[in-house]
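Reader: I've got this model open on my screen and would like a close look at one helix and what follows it. Could you walk me through that part, and tell me how far to trust the picture around it?

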Amino acid sequence: KKIIIFTYCIVQLQCLQSQYSDAEVVKQMNPSLRRNASVDSLRKLINSSKEDTGKVMLQWKLSNIYMWSFPDSALFYSLQSLQLSQKLNFKYGTIRVYHSMAQALAIKEDYPKALEIEFKALHLSEQINNQLQISLSFFWIGIIYLHSGDAQQALSYLNKLRPGSEVFLKNQELILAHIGWCYLELNNLD
């Protein structure tokens, strides 16, 4: 009897879901895709903003919302943000946009291009001596190398993160998990 009730519930759930298009179901399941007030507000702010550093950061925020689910959309907003940031010579904004672009490219598994962009972020961060952004670049370069299959290179960049740094302190578990993953990939478990 319980199996019949369970099967009935599953069938009803499938019927209910079939009333919606795939896009609507995905929107409900993925909070980054919802056209919620914050996304709509960001779009309105971007459209009404002057061409200044504030607009760069708004476009960057919007690209981050789309990053994990729609990397192409993230790249679209990142490119707009990058162009404006470079036009304004807003180096900090350019660095942040490079991080976003590299992550979106990595999600698309375009690891060579992701590394190229993240190294640009690293070099610019070094030019302006922004230690936080340098550390973030080390982190993202390490992650991209790890996902591309080069655990040795990943380990060399992840090990550049110092235990006392802000990035390390705020992301200690994540960093240590990726370092462990590197050692696992290298079959070096001692």
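Author: A quick word on confidence before anything else: pLDDT is the predictor's confidence in each residue, on a scale from 0 to 100. You'll want that here, since what you have open is a predicted model. Across the elements of the protein chain, mean pLDDT bottoms out at 38 in helix H2 (residues 22–29) and peaks at 98 in helix H7 (residues 111–127). Residues 1–33 have pLDDT below 50, and that stretch makes 14 contacts in the model beyond near neighbours in sequence. For the protein chain, the mean is 83, with 81% of residues at 70 or more.

Now to the helix, H5. It covers residues 71–87, so 17 residues by the DSSP run. From first C-alpha to last, H5 reaches 24 Å, close to the 24 Å expected at 1.5 Å a residue. Its buried residues include three leucines you can click through, Leu-75, Leu-82 and Leu-84. The serines Ser-78, Ser-81 and Ser-85 are buried too, and the list is completed by Pro-71, Ala-74 and Tyr-77. Just after H5 comes Asn-89, with a positive phi of about 55 degrees.

For a contrast, jump to Glu-185 in helix H11 (residues 172–185). Glu-185 counts as exposed because its relative accessibility is 52%, and the cut-off for exposed is over 50%. Even so, Glu-185 touches Leu-146 and Ala-151, leaving aside residues up to four places away in sequence. Have a look at Gly-149 as well: it sits 36 residues from Glu-185 along the chain, with 8.4 Å between their C-alpha atoms.

How values were computed. Residues are numbered from 1 along each chain as its sequence is written. This is a predicted model: local features need pLDDT of at least 70, side-chain atom pairs count only at pLDDT 80 or more; totals for chains, interfaces and linings use all residues. Side-chain values use heavy atoms; hydrogens and water are left out. Helices (H or I, at least four residues) and strands (E, at least two) are DSSP runs, numbered from the N terminus. Buried means under 20% relative accessible area, exposed over 50%, partly exposed in between (1.4 Å probe, protein chains only). Contact means heavy atoms within 4.5 Å. The expected span of a helix is 1.5 Å times one less than its number of residues.
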